[in-house]
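Student: I have a chain I would like to go through with you. Could we take the labels one at a time and ask what each rests on?

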Amino acid sequence: MAETTFSAGLLPDDNAEHVARAAEQASVRTRWALSLPSLLIIGIFGIVPLLVIVVYSFLGAAAYGGVEWRFSTDAYVGFLFQKDIFDDTLHFAPDYLQIYLRSFLFALGTTAICLLLGFPTAYFMATRPPAQRNYWVLLITIPFWSNLLVRTLAVMLIIRDEGLLNDGLIWAGAIQKPVIMLYTNFSIVLGLFYSYLPFMILPLYASLEKMDFRLVEAGFDLYATRGKVLRRIIMPLALPGIVAGCMLVFIPALGAYVTPLILGGGTHLMIGDLIGQQFGSGRNWPFGCAQALILMAFVLVTLTLYVRLSGGKVQQHG
Amino acid sequence: MADATTEVPLVRTGAFDLKWQPGFGVATMVCLVLLYAPMIVLFVFSFNGSDSITRWGGLPNWHWYTEAFADQEFRSAAMNTIKITVVATIISTLVATAAAIGTTRGRRFAGQGAIYTVVNLPLMVPEIITAIATLSFFSLLAQYAGINFGIGNLMLAHTVFCIPFAYMPIRARLEGMDERLEQAAADLYATPWQAFKRVTLPLLVPGISAGTALAFIVSFDDFTITQLVAGPGQTTLPLYIWAKTRRPLTPELNAMCTILLAISILFVVGSFLIANRRRSKTE
């Protein structure tokens, strides 16, 4: 019936298609328009600045911060080599490389400790009765969204030489004089662990919560021990969460700024501080920009690895 | 190991508990203690009767809070923080809501993935990089174009990283919402604006509130970007607290830190309650 009435018109199907396509185009235009303000703000004040530091990294350093407009690769050369002030020859100087190595080790160590303690915690949360789980998530979410600076300062107050922990140990008679914990490798890794633990627990919880426990039951039916069930069934099923959690801890830990600033005391530098210092007391903007780009490259490599490993879209936290 | 055995009955439903693993309860308690102990210490010593920061003395009192509120610099830092946070939260929530609607409604279109990536970009870039990039950008603007927005620099910088935090919960809410409701409104001759105002927006309120809360928290708490971008006279609360640690420490620092923590916790718990209430209503 419908077909006969349509065929009476002039190219009716074409017309309907035209209308539909025009409507679709209008809708796409509207949706671009809706997204435009966000894109403009992030584009101008988020992406253009990143391009600025690419340009800056190839310029000369001005004496009191800022840049001199001449092409120079000093910022990159200076990463690995030091120029002799007398004969201008280059010597290999591993000082900065050491900071990178330290940052990597700290970030890796932090990720490992977070996984070690975070996995049991996420599993424990995921096996609570459903009505309780939300409150467990809230318990982990509160530190996640609490002020990082303040939380790190709190750690500092506790592990200081005259802090609560040393005072307590002396009072208990365990030690005679304070154990130096602040401004050591230990304090930085502790701080990183403390800062990023929720980043590990939350994605782990998300993947453990969806787990089908009938598979665990099947494992036990086949005479698996608890350890075997954990290693062969639960952990493989939680792998996407494990990978996501490790990324979410490793990436921010690698570029950490606040933690080494407060708990490292300027002696145990990480990449983040090295970059920050170039814009403060160090005052070599091009060098700082170059370091930022090298860090960014590491982050991109890690992200790419993650996308490969997880074979899907990058998951967002929050 | 005593802890592990005491919590078994909680989990056990029968003679054999499938889900139990040895020591996991203990690990959970360790994590919770490590996460909360520093915050609790900070809180407790903010009421210290002596002027030592971690040695208790005297009777608990409000002295350090009154001291903090009487501090002129603390108050001006609070004013700056409020200005920046309110502006950044409002702008980012508005534009993120629009973008979330633009990227979830109707058929997928070319460029949608690109929009998603750009909107989430601020999350991928380490904060210190964003910080120095923004600083370089604004110094370039000031030097060669003579443009300096003053405290507006910080407002813009905050807006950028608030957008993805506002965007995500709003987008999640939209994805869970039935698009046919809006189509039904259109069938009943509602204009797109009416359909938005009468159907989409009311349903979107929990997502927008969660987004607003997150944007508020990340802006309110930001230290790294603010520290590098802030010009003279643009001290915010986190910056002021950091400056305070460079002077002799008194429990006044604890009081200020506690105030900051309390505000973020208030917003987290608030958005949790909103989400929970909505969920129980729809279920």
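Student: How far apart are the mean positions of the positive and negative charges of chain B?

Tutor: In this predicted model, they lie 7 Å apart, taken over 20 positive and 17 negative charges. Histidines and the chain ends are not part of that count.

Student: What makes Cys162(B) buried or exposed?

Tutor: The label "buried" calls for under 20% relative accessible area. Cys162(B) has 0%, so it counts as buried.

Student: And how do you know which label Cys257(B) gets?

Tutor: By the same cut-off of under 20%. Cys257(B) comes to 1%, and therefore it is buried too. Across chain B, 53% of the 283 residues carry that label.

Student: How many disulfides does the search find?

Tutor: Zero, over all chains. A disulfide would need two cysteine sulfur atoms within 2.5 Å, so a search that finds zero disulfides has turned up no such pair.

Student: What does the secondary structure of chain B come to?

Tutor: 13 helices and zero strands. A strand needs a run of at least two residues, so the zero tells you that chain B has no such run.

Student: How does the radius of gyration of chain B compare with that of a compact globule?

Tutor: Chain B has 24 Å, whereas a compact globule of 283 residues would have a value near 19 Å. The C-alpha trace spans about 75 × 70 × 30 Å along its principal axes.

Student: Which share of the exposed area of chain B comes from carbon and sulfur atoms?

Tutor: They supply 66% of about 13,000 Å².

Note on methods. Residues are numbered from 1 along each chain as its sequence is written. Chains are lettered from A and ligands numbered from 1 in the order in which they are written. This is a predicted model: local features need pLDDT of at least 70, side-chain atom pairs count only at pLDDT 80 or more; totals for chains, interfaces and linings use all residues. Side-chain values use heavy atoms; hydrogens and water are left out. Helices (H or I, at least four residues) and strands (E, at least two) are DSSP runs, numbered from the N terminus. The radius of gyration is taken over C-alpha atoms; the globule rule is 2.2 Å times the number of residues to the power 0.38. Buried means under 20% relative accessible area, exposed over 50%, partly exposed in between (1.4 Å probe, protein chains only). Accessible areas come from the Shrake-Rupley method with a 1.4 Å probe; for residues, only the protein chains shown count as cover. The place of a charge is taken as NZ of Lys, CZ of Arg, CG of Asp or CD of Glu.
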